[in-house]
Amino acid sequence: MADQMEYIIPPWEIEAYMQSLNISDLENIGTKSWLDFHKKLALLNQQSVLEITNLREESVTEWFISLKKVPILVHEAIQINIWKHKVFPLLINLNGEPTNTFMLFSILYHEVIVVSLLENILFHCKSAQTIDDTVIDLIDYGIQYITTLADGKILEIYERSEITDPNSCLEEIIEKQKTFEFDIGMRCISIFHYLIEILDNLPLCAVSRMLATHDVPYLFVQLIENQPWKKQNEDGEMLTYEASWRKIKESEIGKINKREGQVWFGLRELLLNPKCAPYYEITEHKLSQLMKLQRHLHEDVLDQIAPLIELKQWLSYLNMSPAMPSTNSICPIHVEVIPQIKSAILEKHHKKWKKLARHQSKYLFTTDTDYIKDAAQILSDVYDLDKLDRIKTKKCSLCQETSKKRCSRCKEVWYCSRECQVKDWENHKKICNMITEAKQ
């Protein structure tokens, strides 16, 4: 059997990529220099995913942490989010229907890339050393996505009613944007779980922001209630979300989804951590919301996540207690840090959004074939199918488990083990010979 190829970016280039990373300017979105920056982040993300899936040393994460580049990712996520809501609608009003989707697609995909990198990096507790006060900006950014998931809504960048042709490029972009928004929301659940896990190493203002300002426990209760990571398809089959929707196997019925588990662990930490208690006064309304968790903490859940037994006991105690423990009556000293990134971008471009849209129209709606070819050439590395295939999770041809090895002859069929390959050989042999002969 053959292993997947070793890297997306050669090891000697990763450091050079990282050293050159700096915060981009909103005005430059769509220019060749911005597309090159987008390409570097996309390839770094692909390399990071490859390292994680192959259980190798996470060099991309190490470089982001050691060079203190994590705040760049927070800035990029917020900047693209602002662009989507402030500039994109004006671009459509000025230029009408786009004739191609790849330029606008790349901008929307840029946000997915940086959030994916943040998710991978924040898994490591060492990331707390480099995120600093930008954690407040990240918390505010993630809250809007988690809120839309909790409400069962998807963020919109353009009014659907204004689209007249269902087969238009604009419709295609908006459908893709919805997919991206949902994926970012799911990744934000992971990011919040990791931030909560390293809460003791973050500034106190992060605790206050999560609990006193945004009431994350309430949002997490809504997520447990609405289960956005599950849905039914048209055939009535249950699907679960893991980077994409897939059918739940019979053996997985009742099994806790990864995101659901992260929400439960986040709730347990926020509600039981003594450091959090002074920042979270449990009012009558909050109590009524938290009590909704009790019906979800049944034996199937407790068997899978044993630490939730403590959360169930705490909720029972809370329900019977006429008053909250005295620790909540102690008012902590609030060191409030105001998020800077979003307000700085909005202030810089205040009343200049139309001017910005006209400027970016020259790049994003250009008919200059030379410019379009150059842009496509820059992006060709990002959307190289061979590279994307390397980071895609492969399923064993026989048992459908995650696989990392493929048939060394045809290189098209994947197996989780030598045993499965031997068992499947009689079925695979004919196809293997046909593919090998066709390639030759």
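These legends accompany several close-up views of a predicted model.

**View 1. The largest nonpolar core and its best-connected members.** Welcome to the interior: this core holds 122 residues. Those that touch the most other members are Phe-64, Trp-83, Leu-195 and Trp-264. Helix α9, covering residues 169–197, gives the core its largest share, with 14 residues. Elsewhere there is a second, separate core of seven residues, and among them are Cys-396, Cys-410, Val-413 and Cys-432.

**View 2. Trp-264 and the residues around it.** Here we stay with one of the core residues that touch the most other members. Which residues does Trp-264 contact, once neighbours within four places in sequence are left aside? Its partners are Ile-224, Leu-293, His-296, Leu-297, Val-301, Ile-305, Leu-308 and Leu-311.

**View 3. Thr-134 in helix α8.** Helix α8 runs over residues 134–151, and Thr-134 is part of this helix. Is Thr-134 buried or exposed? Its relative accessible area is 16%, and because the cut-off for buried is under 20%, Thr-134 counts as buried. Setting aside neighbours within four places in sequence, Thr-134 is in contact with Pro-71, Val-74 and Ile-341.

**View 4. An aromatic cluster of Phe-105, Tyr-109 and Phe-180.** The model contains ten aromatic pairs. In the pair formed by Phe-105 and Tyr-109, the ring centres are 5.7 Å apart and the planes stand at 20 degrees; planes under 30 degrees apart count as stacked, so this pair is stacked. Both residues belong to helix α6 (residues 102–122), where they are four residues apart, or about one turn of the helix. Tyr-109 also pairs with Phe-180, this time in a tilted arrangement, with 5.7 Å centre to centre and 35 degrees between the planes. That second pair links distant parts of the chain, as Tyr-109 sits in helix α6 and Phe-180 in helix α9, 71 residues apart. Tyr-109 and Phe-180 are both buried, whereas Phe-105 is partly exposed at 23% relative accessibility.

**View 5. Lysine charges over tyrosine rings.** Two lysine–tyrosine pairs are shown here. The charged end of Lys-40 sits over the ring of Tyr-17, at 5.9 Å from the ring centre. How far from the centre of the Tyr-280 ring is the charged end of Lys-286? The distance is 4.3 Å, and the charged end of Lys-286 sits over that ring.

**View 6. Two buried cysteines in a model without disulfides.** How many disulfides does a search of the whole structure find? The count is zero. Cys-188 is buried, with 2% relative accessible area. Cys-420 is buried as well, at 10%.

**View 7. A salt bridge between helices α9 and α6.** Across the whole structure, a search finds 17 salt bridges. In this one, the side chains of Arg-187 and Glu-119 meet at 2.6 Å, N to O. Arg-187 lies in helix α9 and Glu-119 in helix α6, so the bridge ties together parts of the chain that are 68 residues apart in sequence. Both partners are out of the way of the probe: Arg-187 is buried at 16% relative accessible area, and Glu-119 is buried at 5%. A network of salt bridges links these two residues with Asp-183 and Arg-259.

**View 8. A salt bridge between helices α8 and α10.** The side chains of Asp-140 and Arg-209 meet in a salt bridge, with an N to O distance of 2.8 Å. Why does this pair tie together parts 69 residues apart in sequence? Because Asp-140 lies in helix α8, while Arg-209 lies in helix α10 (residues 204–213). Asp-140 is partly exposed at 23% relative accessibility, whereas Arg-209 is buried at 11%.

**View 9. A salt bridge between helices α12 and α15.** Arg-268 and Glu-310 form a salt bridge whose closest N and O atoms are 2.9 Å apart. The pair links distant parts of the chain: Arg-268 is in helix α12 (residues 258–272) and Glu-310 is in helix α15 (residues 308–320), 42 residues apart. Arg-268 is buried, with a relative accessible area of 18%. Glu-310, by contrast, is partly exposed at 42%.

Definitions and conventions:
Residues are numbered from 1 along each chain as its sequence is written. This is a predicted model: local features need pLDDT of at least 70, side-chain atom pairs count only at pLDDT 80 or more; totals for chains, interfaces and linings use all residues. Side-chain values use heavy atoms; hydrogens and water are left out. A nonpolar core is a set of buried Ala, Val, Leu, Ile, Met, Phe, Trp, Tyr and Cys residues joined through side-chain atoms within 4.5 Å. Buried means under 20% relative accessible area, exposed over 50%, partly exposed in between (1.4 Å probe, protein chains only). Helices (H or I, at least four residues) and strands (E, at least two) are DSSP runs, numbered from the N terminus. Contact means heavy atoms within 4.5 Å. Rings of Phe, Tyr and Trp (its six-membered ring) pair if their centres lie within 6.5 Å; planes under 30 degrees apart count as stacked, over 60 as edge-to-face and the rest as tilted. A charge sits over a ring if NZ of Lys or CZ of Arg is within 6 Å of the ring centre and within 35 degrees of the ring normal. A disulfide is a pair of cysteine sulfur atoms within 2.5 Å. A salt bridge is a side-chain nitrogen of Lys or Arg within 4 Å of a carboxyl oxygen of Asp or Glu.
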